[in-house]
Amino acid sequence: CFIYLCIIICISWNKDQGFIACGGEDGLLKVLKLETQTDEAKLKGLAAPSNLSMNQTLEGHSGSVQVVTWNEQYQKLTTSDQNGLIIVWMLYKGAWYEEMINNRNKSVVRSMSWNADGQKICIVYEDGAVIVGSVDGNRIWGKDLKGIQLCHVAWSSDSKTLLFGMANGEIHIYDNQGNFIMKMKLNCLVNVTGAFSIAGIHWYPGTEGYTEPDCPCLAICFDNGRCQIMRHENDQNPVLIDTGMNVVSIQWNHCGSVLAVAGFQKSSTQDKDVNLVQFYTPFGEHLRTLKVPGKQMSALSWEGGGLKIGLAVDSFIYFANIRPDYKWGYCSNTVVYAYTRPDRPEYCVVFWDTKNNEKYVKYVKSLISITTCGDFCILATKADENQPQYVLVLCNSIGTPLDPKYIDIGPLFVTMTKTHVIAASKEAFYIWQYRVAKKLTAMEINQVARTRKEGRERIYHIDETPSGTSDGMLDYSKAIQVRDAFNYRLAIIDLSGVLTFFDLDTRVADSTGQQVVGERLKLERKDVWDMKWAKDNPDLFAMMEKTRMYVFRNLDPEEPIQTSGYICNFEDLEIKSVLLDEILKNPEHPNKEYIINFEIRSLRDSRALIEEVGIEESSQFIEDNPHPRLWRLLAEAALQKLDLQTAEQAFVRCKDYQGIKFVKRLGNLQSESMKQAEVAAYFGRFEEAERMYLDMDRRDLAIGLRIKLGDWFRVLQLLKTGSGDADDTLLEQAHNAIGDYFADRQKWYVINAVQYYVQGRNQERLAECYYMLEDYQGLENLANSLPENNKLLPDIAHMFVRVGMCEQAVTAFLKCNRPKDAVDTCVHLNQWNKAVELAKDHNMKEIGSLLARYASHLLEKNKILDAIELYRKANYFFDAAKLMFKVADEEAKKRTKPLRVKKLYVLSALLVEQYHEQMKNAQRGKVKGKSSEATSALAGLLEEDVLSTDNRLTDNAWRGAEAYHFFILAQRQLYEGYVDPAMKTALHLRDYEDIIPAVEIYSLLALCACANKAFATCSKAFVKLESLETLSPEQRQQYEDLALEIFTKHCPKHTKKSDLDGLLEGGEGKLPTCVATGRPITDYQFWMCNVCKHCVQDQEISNYNFCPLCHSSVT
């Protein structure tokens, strides 16, 4: 504690920089800073000594300093005194100086508060004046609340709301612009009589997250001891507390998990009051009571990390260390700890493997506690906010959930053994025998067998009267006594930190003379916050008292060790502790420095004795104080000196079978230096052991040692630097092991894994590296270099399949004589032509059925074009053509885009032409000898007749394309003004009534004839139209009316007529038709398309680069 001559009135601890400001009478204002000395490496955390690195007196106030408050974001200190003087102090070159001064001279400042981001300050005066200013000293707004005496102010975490505390105990809610919203309902003052005032308002801003969603964070306390904690300013169901004392000050800790309430209590035995600090959770649960000496406590303030609290009492500042009840545990070299984050509503639970320095993170909602034992831990959580159900989740040491168990009792206390989990509420406890895949000792198996008969889950109520049923339900029966068969002592730490012990085996007589089981032992310790029994000795335990660790043997303490660590494990005369305070300052990056091992005195003494007086004398001391750890210490010391007899005896005493075998093996060695090398290797001094082997010219042993250690880099080095030839097999093994080392770390590159696999001739791993590097050329080269039917070829082929490289995959499959897999690959990658080719080459008959099945699958999904493409790629041109004709017919029925329909018919016809060519080629291959081209073509046509069932497709494949070609050509000629060619082209359409509806054909012909003044042709077209059965009576009437209108004006006969017109009108012309103009070709010379076999007049073809019908190139 620190002493000043003046009475201290207020204190405030800067959470970020650690400065402490205290104000008092006669203008006292000081800024202090406590800093931890780091001279001794082992002393960290609270156990490390602290000193004042700053103790500056700030001069400027003449009256009593009544309010001090920090702006942590901008490193400013704001203070005010009884005269209304406000001073803002700033830090400059390590000292505090005045930055701004303000004095209203009318009233005294009662409270000041900076908002959460440090941008605004709200100042309230006793006379009702309110001023809100900015961090740079500008006034934002002011308000005078008439007839109101103000005494407190608080900002909400989002800076949208202000709370004003009145001298009469009322609290008014305003918005951040000074507009009144409502009065706060104070549930804690119901049925309270007499005068009272507000002792403190503190609204935790959520900067470090919340212990659970919707956690209470607004604390309001009155001097009569009544307190309420609210979730928000309008909370209708706040947490209510009666502290039972006169309160002077309250404050939340840095993360809103503990509320400290300072005050005093009237003592019935003493004349003076007793100063107390009560600690509560946000849900009103009382945690601890701290008694503080002195006459009158005036204020308190938390340190930034929540590990210290400063108390202003009279002219003293007392500092108390806080030992938080962290949610943590230790299992299987893993420290499990939980903390809150402002960006997430859940707890962040970290599983930190201290051996490998790896951590695994999981987020757990509504975490209640963490309990550990052996290799497992239990996370107790709430199942759902709306339902009163809880979950015990069994996890392994990396946080993987193994078995969740839902229970209906609140697990306020949870403990676990190697076989059972026990959870207790205030009135009942639950026992769960959990099962994990782990070996148990014979004694544990017997214990499990006994309890299994009673069932895996049981619930016991603390009352004598049982409740519940047994038919398939959890059994409620009276409480039973459960204790460890080995540990007959029970240790209890109560709420005030007093440690007491009970001996459960002792039988003593009570005051009435009756024998009772159990006795309270005389040992009692105060200020205890942690203790742990030794796992292997019931007479040993370690406990934490303030910042000291005591080890007790048979209730006698050893000299204390300065530390503030939480005890993880006590085994083999060693205590492992973790500095959780330091870890949770930066929980995302735990440091191995914060794990500390302590040896107890008997181990230290034994080690010193062995070093100073020798092995023989030490063995007598260990005989008198036996422990397996001490015998192992002796065995190790004897090994160092090659005293094999003593070493063997010591290994026998500590039941170390491997040690006994090692000593036997040492005894069989002749060379002393060989023994020393083996001992060096046994103790992990591998460099020394290797050097000794090499000095003995035993490179083989040095290599064997490195192989056991898995240090293949050194093995390779030793193999290459030796004088003799290296063993090729061993060299390959070393190269492959180094390749594995790089591959495990995803270092596949040529300079890493690939290089060593090449040297190690490990083709299997080399293929994997090429695949991971996406070096498919290297993979292909490797496949080509492998002999036929190599076992690696199928794997390489599958690698090619996975990346869609069909040709390489097929080559690999064929090389290992797996043609079916090659065909399947082609099918899978949609290379059907290749699949059909392979199937034919290898006489596989199922390809046709497979193709048909896949095509039907596509057709079911209405993917007709995909099915056409499938058939086309597989060279099934006739099937593709049939489907394409179907598509073209359907498109024609829609009567939308004639050009698209023509294109579809052209594609269909082209597929038929490919089919014709395929048939001819097939027959050409079959016909041997000197047969002519005509013979093979004829044979192909004959086979077509046999195979094809649809003559329309094979014989008249181009009819659909011709029809739409002339239909489009006639309209184009008509619109371009060539009415006579348009009419002649339209006359050709009369042959295609099965493709284009007759009404459209004769409508177009009538139009063209009328435009050409060929009224005889026009008249015939109208006669045809009027006789169509497909027309409705209205449409027929319209045609008759139109014909009447035309032919009353024009006589239905030609004014001019040529022989060619007669040929066209008669429809008997056998002359070929020019597909460019629509005219019959009368010349002997004309151009014929190689693909569609249609003709164009010689003088016309010079205007075209492509066939007007099928669009193939004009050659």
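How many salt bridges does a search of the whole structure find? In this predicted model, the search turns up 40 salt bridges. Let's walk through a few of them before turning to the nonpolar cores.

A good place to start is R323 and D581, whose side chains form a salt bridge with an N to O distance of 2.8 Å. This pair ties together distant parts of the chain, 258 residues apart: R323 sits in the loop between β28 (316-321) and β29 (328-331), while D581 belongs to helix α2 (residues 580-583). R323 counts as buried because its relative accessibility is 17%, under the 20% cut-off. D581 is buried too, at 3%.

Next come R344 and E346, which meet in a salt bridge at 3.1 Å, N to O. Here R344 is partly exposed, with a relative accessible area of 32%, whereas E346 is buried at 17%.

Moving along the chain, E690 pairs with R714, their closest N and O atoms lying 2.4 Å apart. This bridge joins helix α9 (residues 686-695), home of E690, to helix α11 (residues 712-721), which holds R714. E690 is buried, with a relative accessible area of 4%. Both residues also take part in a network of salt bridges that links E687, E690, R706, D711 and R714.

Now for the nonpolar side of the picture. The largest nonpolar core contains 79 residues, and W958 and Y964 are among those with the most contacts inside it. Helix α22 (residues 877-893) supplies the largest share of this core, ten residues. Beyond its neighbours within four places in sequence, W958 has contacts that include V906, L910, V1091 and C1110. Apart from this core lies another, of 57 residues, including L718, A783, V810 and V827.

Terms used
Residues are numbered from 1 along each chain as its sequence is written. This is a predicted model: local features need pLDDT of at least 70, side-chain atom pairs count only at pLDDT 80 or more; totals for chains, interfaces and linings use all residues. Side-chain values use heavy atoms; hydrogens and water are left out. A nonpolar core is a set of buried Ala, Val, Leu, Ile, Met, Phe, Trp, Tyr and Cys residues joined through side-chain atoms within 4.5 Å. Buried means under 20% relative accessible area, exposed over 50%, partly exposed in between (1.4 Å probe, protein chains only). Helices (H or I, at least four residues) and strands (E, at least two) are DSSP runs, numbered from the N terminus. Contact means heavy atoms within 4.5 Å. A salt bridge is a side-chain nitrogen of Lys or Arg within 4 Å of a carboxyl oxygen of Asp or Glu.
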